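Grab a viewer and work through these exercises one at a time. Each task is followed by a solution that goes step by step.

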Amino acid sequence: MQILFLGAPGAGKGTQCKRLAEKLALPHLSSGDMLREAVRQGTKAGVEAKSFMDKGMLVPDDVLIKMFKEFLSKPEMDKGFILDGFPRNLAQAESLSTLLTELSKALTVVINLQTSDDLLVERITGRRVCPNKECNAVYHVKFAPPAKEGVCDKCQTELSHRSDDKPEVVKQRLATYAEQTEPLIKYYGDQGLVKTVDGEGEPEAVFESLIKALKVPA
Ligand code: AMP
């Protein structure tokens with residue numbers, strides 16, 4: 001299965017994609033995680049990306065397209081994959097389509113994870129992440145706190161607050177989503193690929209709806 005997730009920042013894409021990747025044993029390709037790792041490593045792409053990420057704006061398309069071309073061409077992608085955060089505008093969607101055709105692949109389904117704006121802001125500003133790149137677990141101070149405050153349950157690394165999860169940047173990220181990414185719902189809808197899943201409940205309930213929508217046995 002080649003699955004693509006759409007949804008605003010804070011809709012829960014990362015959380016649901018991780019669970020789904022485990023359940024289906026598919027690679028989870030998160031553009032945000034890849035970019036943050038490039039920033040941490042100080043690569044050329046990371047240095048270029050950082051200034052855009054800090055402002056809540058999209059990183060230039062060529063950076064993302066190059067990155068995904070490299071990942072999607074790997075042999076381990078032949079069993080399928082889960083795309084999270086890419087594409088994020090029409091130009092990226094067109095490039096993805098060309099790339100998948102070159103690789104003799106196609107998207108199986110596009111999940112549109114839907115949530116209200118008020119909930120998005122609360123979810124993002126309370127989010128805490130594990131900076132360990134082998135873990136990348138996500139918590140929330142109110143909705144999903146770790147057992148020990150500020151420490152990752154899985155790997156005991158100190159949790160951090162993403163610099164772009166601050167209120168002023170969050171506003172810009174939501175505006176960027178509405179302007180540039182939301183039109184992809186229609187783009188993929190016209191291709192008959194979109195299934196909308198309600199992202200407002202507890203992560204467990206959202207996951208149940210998700211696997212129902214994908215017709216995966218529970
Ligand atoms: P995320 O973790 O998905 O919320 O992404 C964090 C930030 O990375 C975004 O606000 C963008 O600045 C950048 N980013 C992630 N994916 C993309 C993409 N497909 N195109 C451009 N910028 C992206």
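**Exercise 1. Find the residues that come nearest to the ligand, then look for polar contacts and cover.**

Step 1. There are 16 residues around the ligand, and Ser31, Arg36, Met57, Gly85 and Gln92 come nearest. A residue belongs to this set if one of its heavy atoms lies within 4 Å of the ligand. A word on the ground rules: this is a predicted model, where local features need pLDDT of at least 70 and side-chain atom pairs count only at pLDDT 80 or more, while totals for chains, interfaces and linings use all residues. Residues are numbered from 1 along each chain as its sequence is written, and side-chain values use heavy atoms, with hydrogens and water left out.

Step 2. Now the polar contacts, meaning pairs of N or O atoms within 3.5 Å; within protein, one atom must be able to donate a hydrogen and the other to accept it, and residues adjacent in sequence count only if both atoms are side-chain atoms. Serine 31 puts a polar side-chain atom 2.7 Å from a nitrogen atom of the ligand. Arginine 88 has a side-chain N or O atom 3.0 Å from a ligand oxygen, and for arginine 162 the distance from a polar side-chain atom to a ligand oxygen is 3.2 Å.

Step 3. On its own the ligand has 480 Å² of accessible area, and the protein covers 95% of that (Shrake-Rupley method, 1.4 Å probe; for residues, only the protein chains shown count as cover).

Step 4. Sort the shell by type: seven residues are nonpolar, four polar and five charged. Here Ala, Val, Leu, Ile, Met, Phe, Trp, Tyr, Cys and Pro count as nonpolar, Asp, Glu, Lys and Arg as charged, and the others, Gly among them, as polar.

**Exercise 2. Which helix gives the most to the shell around the ligand, and what do its buried residues pack against?**

Step 1. Helix 2 (residues 31-41) gives the most, with four residues. Helices (H or I, at least four residues) and strands (E, at least two) are DSSP runs, numbered from the N terminus.

Step 2. The buried residues in helix 2 are Ser31, Gly32, Met34, Leu35, Glu37 and Ala38. Buried means under 20% relative accessible area, exposed over 50%, and partly exposed in between (1.4 Å probe, protein chains only).

Step 3. Those buried residues pack against strand 2 (28-30), helix 3 (44-55), helix 4 (61-72) and strand 3, with contact meaning heavy atoms within 4.5 Å.

Step 4. Aspartate 33 and arginine 36 join their side chains in a salt bridge, 3.0 Å from N to O. The term needs a side-chain nitrogen of Lys or Arg within 4 Å of a carboxyl oxygen of Asp or Glu. The two residues sit three apart in helix 2, so about one helical turn separates them. An α-helix has 3.6 residues a turn, so residues three or four places apart point the same way. Aspartate 33 is partly exposed, at 22% relative accessible area.

Step 5. Just after helix 2, glycine 42 has a positive phi of about 70 degrees.

**Exercise 3. Hunt down the unusual backbone geometry.**

Step 1. Start from the baseline: most residues other than glycine have a negative phi, and most peptide bonds are trans.

Step 2. The bond joining phenylalanine 86 and proline 87 is cis, with omega about 5 degrees. Proline 87 lies in the loop between strand 3 (81-84) and helix 5 (90-102).

Step 3. Asparagine 136 has a positive phi, near 55 degrees, and belongs to the loop between strand 5 (127-129) and strand 6 (138-140). Glutamine 156 also isn't a glycine, yet its phi is positive at about 65 degrees; look for it in the loop between strand 6 and helix 7 (167-181).

Step 4. Buried or exposed? Asparagine 136 is buried at 19% relative accessible area, whereas glutamine 156 is exposed at 56%.

**Exercise 4. Work out what surrounds histidine 140.**

Step 1. Histidine 140 is in strand 6 and counts as buried, with 8% relative accessibility.

Step 2. A polar atom of the histidine 140 side chain lies 3.0 Å from the backbone oxygen of glutamate 122. Another distance to check is 2.9 Å, between a polar side-chain atom of histidine 140 and the backbone nitrogen of lysine 142.

Step 3. Leaving out residues up to four places away in sequence, histidine 140 touches Glu122, Arg123, Gly126, Arg127 and Pro145.
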